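Student: I would like to go through this structure and ask how its labels are justified.
Tutor: Go ahead.

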Amino acid sequence: MAARFTVGGFAREWGHCHLLANYLARYVSANEGDPERHATLLSTFINELLEVIYRNHAADGQIELIFRRRARHVILQITLPVTEQNRVFYRMAVQIVNQPDLKSWYRARLEDPADGEDTMLGLLELAAVYTCTLTISEPPGQDRLSLFLELPEVDDMGEV
């Protein structure tokens, strides 16, 4: 499943972000064993990601979301237009997510966020709390990048 929208439309209709997240999550979760539970968690993940993107994207262009399945995991690919400042932000987020003791780092930052990190805490929460993995792809010479968020297997998450 894929969705594509313009940066301008996304920013203009920001108040409907949760509706977009809910719609996409319900569609992607339709064939899951417990679609309601899967959709609820997936909506949370999508909403956090959209909030980060809302604060960190270039002024023009298109945002693309592609959902793929690998075994029992959903992988969300987000491709978005970026400025150099946005690119640095996403590189830093991926670097933080992939550090050895992310949970300790995350707990410390919740109490005392460093400059520039407060806008990425929602994204980092997906990795620190929900064990999502985050990677980045930056095609050379383009003003776009792709983030790949591999979501945890919802059935193995226990009670949430």
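Tutor: Start with accessibility: buried means under 20% relative accessible area, exposed over 50%, and partly exposed in between (1.4 Å probe, protein chains only). This is a predicted model, where local features need pLDDT of at least 70, side-chain atom pairs count only at pLDDT 80 or more, and totals for chains, interfaces and linings use all residues. Residues are numbered from 1 along each chain as its sequence is written, and side-chain values use heavy atoms, with hydrogens and water left out.

Student: What makes Thr 131 count as partly exposed?
Tutor: Its relative accessibility is 48%, and partly exposed lies between under 20% and over 50%, so the label fits. Thr 131 also has a positive phi, near 60°, in a residue other than glycine.

Student: Why is Ala 71 called exposed?
Tutor: The relative accessible area of Ala 71 is 67%, and exposed means over 50%, so Ala 71 qualifies. Ala 71 is not a glycine, yet its phi is positive, about 55°.

Student: Why is Cys 17 called buried?
Tutor: Cys 17 has a relative accessible area of 5%, and buried means under 20%, so Cys 17 is buried. Cys 132 is buried too, because its value is 5%.

Student: How do you know that Cys 17 has no bond to Cys 132?
Tutor: A disulfide is a pair of cysteine sulfur atoms within 2.5 Å. The sulfur of Cys 17 is 16 Å from the closest cysteine sulfur, in Cys 132, so the two are too far apart for a bond. By this rule the count is zero disulfides.
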